[in-house]
Amino acid sequence: MASNRLANAAQGRRGVHFLLSDQVIKYAFIIPAILVLLVLMVYPLGYAINASLHTYFLGKQTGFGGLVNWVNAFQDTFFWHAVGITLLYSVIAIPIEMVIALALAIALQSISFRLPSTLMSLVRSVILIPFIVMQVVSGIIWKLLFLPQFGFVNYLFSALHLPSVDWLGSPTGAIAAVIVMDFWIWIPFVFLILFSGLQALPEEPYEAARVDGSSSWQTFYHVTLPLLSPVIVTALSLRTIDALRIFDQVYAMTGGGPGTSTMFISLQLANTAFSELNFGLADAELFIVLMLMYLIIALYYFLFLRGRMFHA
Amino acid sequence: MRDEQQTWASKSSALTLPSRPPAADTAKTLPRIRRSPRWGEYVSWIGVILFLVWTLFPLYWLLITSLKSNDEILRSPPTLFPLHISGAGYVSFGETFGQFLFNSGVVTIGSTIVAMIIGTMAAYSLTRFRFPLLVSGLLWFLVLTVRMTIPVAFIIPLYQILAQLGLYNTLIGLMLAYTLTGLPFVIWLMVSFFSEVPPSLDEAVLVDGGSRLTVFFRIVLPLAAPGLAACAIMAMLFTWNDLLFGLFLTSNADAMTLPVSIVGFITQYATLWSQLASGGVIAIIPMIILVMLIQKQLVRGLTAGAVK
């Protein structure tokens, strides 16, 4: 505050125009952002709430429907199927990704002192690539790898004398294929966050653990995990949000098929809105999904941040 | 709410510490390693190497598929090296996809510039001035909501609105849509970078008779330049890679972006894998090069929007 007065005094001396005063700059700088967000976000969401209260036929509003869409949303089996498989995929994929990424981060940390720093940064760059690759292209890559006759995965399976699997043609196979692709895309992301977190940990607790003669496993469980838990929660919540949004790579790889077996939430909503042109129903379902997302995030808060994730 | 963001910002700067001198790392890791059994280290090596193979092999597969002829791709068993290297896929991709590449470039650069200008200004204001809780709270709520919600949430109303404004299937309409996703990200990340430039620098300039604009353009922006670059590149990455908005807000070559055209190629010509793979290679190279330039700031960019 004192500095503001000083600044104003300095400006006053030079007779600088009122337009350059802090009060004007303060709001002039922030108002465009608020306006853009209000226009591009609050207006669309308001529009969506309104649409969810109207009935649509082939993309044309046909009248006020009250809560009809909301009631229908709760009875829409396709929608709840989509919610179900999205949760199923998240529950299978995310924990495995977290564990592998953590193991990998600790592995790289433990051998990092043997690697020259240029090699180290090269390794990090390589591990990073799947996250940078356009997800549509990831979908294509994995579709190629999972092709029934010409793909590499079944080639590998036959070399190992395993039965060949119709990956993209059977419901279970398709979900498994999506999850394997998910590992490829997202383990690097989680790894990078956890690895940076590991490198930023303080030394003192490790020295104390060493003095107390704790084993590597004890050190990991009682020192590393508790210290790292804020970073783990960050990675976990980001991963969860992104898992619930999954769209691009699945659209490219399976297109939601076979049948509706990989119709994740985003694909199903887009289908309701743009193929069935039932905007009202899609918007109502959208808000149910939003509430679900906030619920999950709140749950994380409750479980991990209020209580402690691991015992120190 | 504001205070929470601040703590998060300081936490995230702790996250990016790996750029510290390597000596400190060695000092920390060495004693721990000496105690652990030797096989542990072998397991680590094997794990890391396996993971590198797992990461690189699919990319290798994309590359060789783009260099094979379509006949060779549909061979069983598949060939691990192309028998004949052919650039036909690239040539045919170039003929079809030039326009889409252009559209993607225009939309990516345009929306990033808009988001960067508006976003850095807002971020500066947020880090240097005190706002009534209503204003800053509203802004953070908007920013968080964009990060937390599924993009389909915006696509349905945006489609209806753009259609009414006559902006459906135009580059401008698409830029607007991507500004929506880019802006919150830019604000979040730039607040964290700007809060590292000490406000005492601003005050020194102000006392010497400089204006706020001088401070912003001559002092704060240059000091935060690496952050600015990282932020812009990440905003470009998300826009360039995104399928969803392009898919539902465009209908033909006037505005269709590269990922949309690539996806369209799958459904129309299911067997033209060589062209498809060539398109994939071309689509991912620019971003791989750009992101490698900002490796150090990347983690902070990745965790932007994490609720802490």
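1. Burial is a good place to start: 41% of the 312 residues of chain A count as buried. Please keep in mind while reading that this is a predicted model.

2. On secondary structure, chain A has 13 helices and two strands. Its radius of gyration is 26 Å, whereas the globule rule gives 20 Å for 312 residues, so chain A is more spread out than a compact globule. Along the principal axes, the C-alpha atoms of chain A fill a box of roughly 85 × 75 × 40 Å.

3. The domain layout is worth a look alongside those dimensions. Chain A is split into domain 1, covering 2-52, and domain 2, covering 71-306. Measured out over C-alpha atoms, the centres of these two domains of chain A are separated by 39 Å. As for the contacts in chain A between residues at least 6 apart in sequence, 69% join residues at least 24 apart.

4. Now to the contact of the two chains. How many residues does each chain give to it? Chain A supplies 98 residues and chain B supplies 98 residues. On the side of chain A that touches chain B, helix α2 (residues 22-52) of chain A provides the largest share, with 17 residues. By character, the residues on that side of chain A comprise 71 nonpolar, 18 polar and nine charged.

5. You may enjoy tracing the largest nonpolar core, which has 166 residues. Which of its residues touch the most other members? They are F191(A), L194(A) and I187(B), so to speak the places to begin browsing. Helix α8 (residues 171-199) of chain A contributes the largest share of this core, 17 residues. Both domains of chain A take part: at least three residues come from each of domain 1 (2-52) and domain 2 (71-306).

6. F191(A) deserves a closer view. Leaving aside residues up to four places away in sequence, F191(A) touches A101(A), L104(A), A105(A) and I127(A).

7. Finally, a residue of chain B: is D71(B) buried or exposed? D71(B) is exposed, because 11 other C-beta atoms lie within 10 Å, and a residue counts as exposed at 12 or fewer. D71(B) sits in helix α4 (residues 70-73) of chain B. From D71(B) to E95(B), 24 residues further apart along the chain, the C-alpha atoms are 21 Å apart.

Technical notes:
Residues are numbered from 1 along each chain as its sequence is written. Chains are lettered from A and ligands numbered from 1 in the order in which they are written. This is a predicted model: local features need pLDDT of at least 70, side-chain atom pairs count only at pLDDT 80 or more; totals for chains, interfaces and linings use all residues. Two residues are in contact if their C-beta atoms, placed from the backbone, lie within 7 Å. Helices (H or I, at least four residues) and strands (E, at least two) are DSSP runs, numbered from the N terminus. Ala, Val, Leu, Ile, Met, Phe, Trp, Tyr, Cys and Pro count as nonpolar, Asp, Glu, Lys and Arg as charged, and the others, Gly among them, as polar. Domain bounds come from an automatic or database domain assignment. The radius of gyration is taken over C-alpha atoms; the globule rule is 2.2 Å times the number of residues to the power 0.38. A residue is buried if 20 or more other C-beta atoms lie within 10 Å of its own, exposed if 12 or fewer, and partly exposed in between; C-beta atoms are placed from the backbone. A nonpolar core is a set of buried Ala, Val, Leu, Ile, Met, Phe, Trp, Tyr and Cys residues joined through C-beta atoms within 7 Å.
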